[in-house]
Amino acid sequence: MIHQAALTDLIIKMGDDELVQGHRNSEWTGLGPVMEEDIAFSSMAQDKIGHAWALYRILHEELGGKDPDRFAFMRAEKEFKCSHLTEMPNGEYDFSLMRHFLFDHAETVRYESLQESSYEPFRQVSKKLKGELKYHTLHANAWIIQLSNASEESYARMQTALNDTIALAAGVFEPSQEYEAILMEEKVYPGEKELYQRWLDRIYPVLVRSALNMPALDTIQPVLGGRQGFHTPHLAPLLKEMGEVFNLDTEASW
Amino acid sequence: MPATTSLEAVYKSLEHVMDPEIPVLSVMDLGMITGVEMTSDDEVHIKMIPTFAACPAVSFIQQGIKTTVEKELGISVTVEVDKNTHWQSNRMTDTAREKLKNFGIAPPQLLQGEVRAEIMLNTPCPHCGSEHTYLRSPFGSTLCRAIHYCKSCGQVFEQFKPLE
């Protein structure tokens, strides 16, 4: 049997990234710069939260975890394992789009790799999720390329957004000190280092078409800590808002 | 009512369970049913799958299946979400594609392998049939739809997205 604690740790990281990024996406509802974009971020929010739910359900059904809703809305901040990238406030549209681009490609290579996982629930869930993600990366690529080729100002803003976001995005691939070797050995997934390489291979061609310059990777310091429960000051208010209705009456039936 | 309900009768009844977001399509048209099994003379177990993982209508559809089949056939119905099969747009029947088009929504392209960005180009307009169209957004009013624009008839139209 595959190491249960190692699996649980990996699923929580993935699910929390989905949930928190999903919540950030939902913050564009009603505020998007044009109607189609408002709809796009709202739809991606719904997808992501659905993906979080599917992952939490694996915890619940296969690994003795809590009910997915309670797990999502009633945990303390330090028990969350999302990356700092997903916690950051939306800021302006350039940052939101760049994060969306970097994050969705990171998720894509992860779910693609899980097609080969030794853990059956991963093989099942990743098939569906990677298909849905196609539309997220399609959307992200289109905007990165268009805005980078549109005007001097939009190009400069996309380049700045990339420079500001790359270290946060690299932090998505923070390995677990305790479980990484086990997960790789048991062939649950290929490991963070390999996923990082695959991610770079995926984003490079889009950056080239956008004429954006990738910051020198050996000079960036990936932003770590999220996977260990250390978070930015932005997460606590997000969790409070996200769980506000649920926590009014945790026994209510929906 | 016959003593034993036939599988055929159950499938027939399922044709009356409509999708809440696209009311011209039944759960059969959409290919959402993955298994029907008579567990006794008056009990049936039905397995279904949602189109998208976050489909908000899943429990509504499950309830619709139960209520409709129980009412029409007078048998007891249990409905389960099937985790071993995942929905692909190729599961949609030809009749469903035709009904969608007549409803004003472009049907998904038949997929050979994976979804690629190019497949979303030149989607035929459900109103005038022109392929002089472009993708405006891969997201629409529900998770399963994309928005296109037809340059021939000047109308915005929705498409049921291909899903691999």
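In this predicted model, strands S6 (residues 145-150) and S7 of chain B run antiparallel and are joined by five bridges. One of the residue pairs is easy to pick out: B:Tyr149 has B:Val156, in S7(B), as its bridge partner. The two strands make a hairpin with five residues between them, and here B:Gly154 takes a positive phi near 70 degrees.

S7(B) also pairs with a second strand. Strand S4 of chain B, a short stretch covering residues 105-106, lines up with S7(B) in the parallel sense, with two bridges between them. Here B:Ile105 has B:Glu158 of S7(B) as its bridge partner. S7(B) itself spans residues 156-160 and is mostly covered, with four of its five residues buried. In general, side chains along a regular strand alternate between the two faces of the sheet.

Zooming out, chain B splits into domain 1, residues 7-81, and domain 2, residues 104-160. Taken over C-alpha atoms, the centres of these two domains of chain B are 28 Å apart. As for how they touch, six residues of domain 1 of chain B are in contact with four residues of domain 2 of chain B. On the domain 1 side, those residues come out as four nonpolar, one polar and one charged.

Then there is the other chain. Contacts between the chains involve 18 residues of chain B and 20 residues of chain A. Sorted by class, the chain B side that touches chain A holds ten nonpolar residues, along with four polar and four charged ones.

How values were computed
Residues numbered from 1 in each chain as written. Chains lettered and ligands numbered in written order. Predicted model: local features only at pLDDT ≥ 70, side-chain atom pairs only at ≥ 80, totals over all residues. Buried ≥ 20, exposed ≤ 12 C-beta atoms within 10 Å, placed from the backbone. Pairing = 2+ DSSP bridges. Contact = placed C-beta atoms within 7 Å. Nonpolar A, V, L, I, M, F, W, Y, C, P; charged D, E, K, R; others polar. Domains from an automatic or database assignment.
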